[in-house]
Amino acid sequence: MWGMIATWRMALEGIQKVTPNLEVGGTAGDAIEGAIKEVEDFPYFKSVGYGGLPNEEMEVELDAAYLDGSTFDFGAVCALKQFANPISVARALSAYKVNNVLVGDGAAAFAKAHHFEEKDMLTDRAKIHFHNRLKDIEREQLTPYAGHDTVGMVGLDASGDMVAGTSTSGLFMKKPGRVGDSPFIGSGLYVDSTIGGATATGLGEDLMKGVISYEIVRLMKEGLSPQKACEKAVSDLAERLKRTRGEAGDISVVAMNAKGDFGAASNIENFSFVVVTSTLAPTVFRVHPQSDGTMRHELATKEWLEAYLEERMKPLEVKE
Ligand code: SD4
């Protein structure tokens with residue numbers, strides 16, 4: 001058995017690209033890095049890699065992490081500027097015994113010393129989004145944090161090794177130096193090849209409070225299916241936050257266990273995920289939370305898939 005699961009429909013092309021290699025015995029590590037790079041390189045996804053939306057000073061700061069569930073090699077970069085593929089830098093850092101998590105200038109110095117591709121990650125399109133958001137905020141008092149799309153993936157290869165990875169530009173209009181859950185082990189991602197793995201997307205400040213990816217893996221260790229573990233982790237955290245803080249931010253998660261069973265849950269209506277296994281071609285599902293805390297997974301239609309890309313690639317008007 002082998003497989004991969006990822007947050008959001010935007011992971012589809014990356015997963016399709018690496019699937020043939022996984023099929024013939026490729027490693028989960030190569031699959032995760034390869035698929036996330038594909039998402040990072042695609043300019044129309046606004047919250048990952050090239051084309052990711054900038055912070056309030058109009059600088060793109062990227063977070064990424066890589067965790068090997070067999071060796072527990074872990075690497076992460078936080079607030080990395082001007083490098084094309086943060087996931088590859090995170091993976092490279094995971095090979096060391098210490099200095100596995102680097103931030104800002106330290107992360108960039110490592111990336112430069114190891115000859116990772118330097119690139120101006122701020123696109124003209126992202127500048128228009130920035131400009132328009134400023135106008136919206138002036139007019140409608142919009143919260144700068146509306147909208148999110150981090151890519152997180154869990155992979156299982158034919159040898160039984162599992163790897164998880166994340167990559168994000170974080171929250172649009174964040175403060176310089178702000179870091180969410182995505183690069184933090186246990187929060188943005190967690191994987192243990194003997195149990196399974198999970199990864200999260202949503203409001204990092206809230207996801208971290210539940211160390212939600214670790215929690216899902218812990219629940220799977222207790223015997224819950226990936227689907228039940230995702231549902232319980234999301235509803236427990238959302239309820240806990242609401243009870244004492246009055247509200248819970250967006251919480252969306254996916255998980256796969258060591259047998260290739262998978263699950264996904266969310267407390268919002270528009271979450272989608274991509275999954276492939278040895279018995280299922282790359283497929284996109286939309287997640288619909290039910291009133292009893294369970295989820296309905298709806299197969300995404302061709303029309304929905306096309307509309308998703310069209311929406312992200314449509315010409316942008318500069319607001320006056
Ligand atoms: C963060 N969790 O930085 C990330 C944002 C996100 O989809 O998920 N975007 O808080």
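**Exercise 1. How much space lies in the largest pocket, and what lines it?**

Solution. The model is predicted.

Step 1: take the volume. The largest pocket holds about 770 Å³ of space.

Step 2: list the lining. It counts 34 residues. Closest to the pocket centre are Lys46, His129, Arg133, Glu311 and Arg312.

Step 3: assign the lining to elements. Helix 5 (124-140) and helix 9 (302-313) are the elements that give two or more residues to it.

Step 4: sort the lining by class. The largest pocket has 12 nonpolar, 9 polar and 13 charged residues in its lining.

**Exercise 2. Count the cavities of 30 Å³ or more, then describe the largest cavity**.

Solution.

Step 1: count. The result is 1 cavity at or above 30 Å³.

Step 2: take the volume. About 100 Å³ of space lies in the largest cavity.

Step 3: list the lining. The largest cavity has 15 lining residues. Nearest its centre are Thr150, Thr168, Gly170, Leu171 and Gly202.

Step 4: sort by class. The lining of the largest cavity splits into 1 nonpolar, 10 polar and 4 charged residues.

**Exercise 3. Where does the ligand sit, and which residues of its shell are the closest?**

Solution.

Step 1: place the ligand. It sits in the largest cavity.

Step 2: collect the shell with a 4 Å cut-off on heavy atoms. The ligand is surrounded by 11 residues. The closest are Asp149, Thr150, Arg178, Asp181 and Thr201.

Step 3: classify the shell. It has no nonpolar residues, 8 polar ones and 3 charged ones.

**Exercise 4. Find polar atoms of Asp149, Thr150 and Arg178 that lie within 3.5 Å of ligand oxygen atoms**.

Solution.

Step 1: check the backbone. A polar backbone atom of Thr150 is 2.2 Å from an oxygen atom of the ligand. For Asp149, a polar backbone atom is 2.5 Å from a ligand oxygen.

Step 2: check the side chain. Arg178 places a polar side-chain atom 2.7 Å from an oxygen atom of the ligand.

Step 3: work out the cover. On its own, the ligand has 280 Å² of accessible area. The protein covers 100% of that area.

Key. Residues are numbered from 1 along each chain as its sequence is written. This is a predicted model: local features need pLDDT of at least 70, side-chain atom pairs count only at pLDDT 80 or more; totals for chains, interfaces and linings use all residues. Side-chain values use heavy atoms; hydrogens and water are left out. A polar contact is a pair of N or O atoms within 3.5 Å; within protein, one must be able to donate a hydrogen and the other to accept it, and residues adjacent in sequence count only if both atoms are side-chain atoms. Accessible areas come from the Shrake-Rupley method with a 1.4 Å probe; for residues, only the protein chains shown count as cover. On a 1 Å grid over the protein atoms alone, a cavity is a set of points where a 1.4 Å probe fits but cannot get out, and a pocket is an open set with protein on both sides within 12 Å along at least five of seven lines; lining residues have an atom within 4 Å of a point. A molecule sits in a cavity or pocket if more than half of its atoms lie within 2 Å of its grid points. Ala, Val, Leu, Ile, Met, Phe, Trp, Tyr, Cys and Pro count as nonpolar, Asp, Glu, Lys and Arg as charged, and the others, Gly among them, as polar. Grid points are joined across faces, edges and corners, and a volume is the space filled by probe spheres set on the points. Helices (H or I, at least four residues) and strands (E, at least two) are DSSP runs, numbered from the N terminus.
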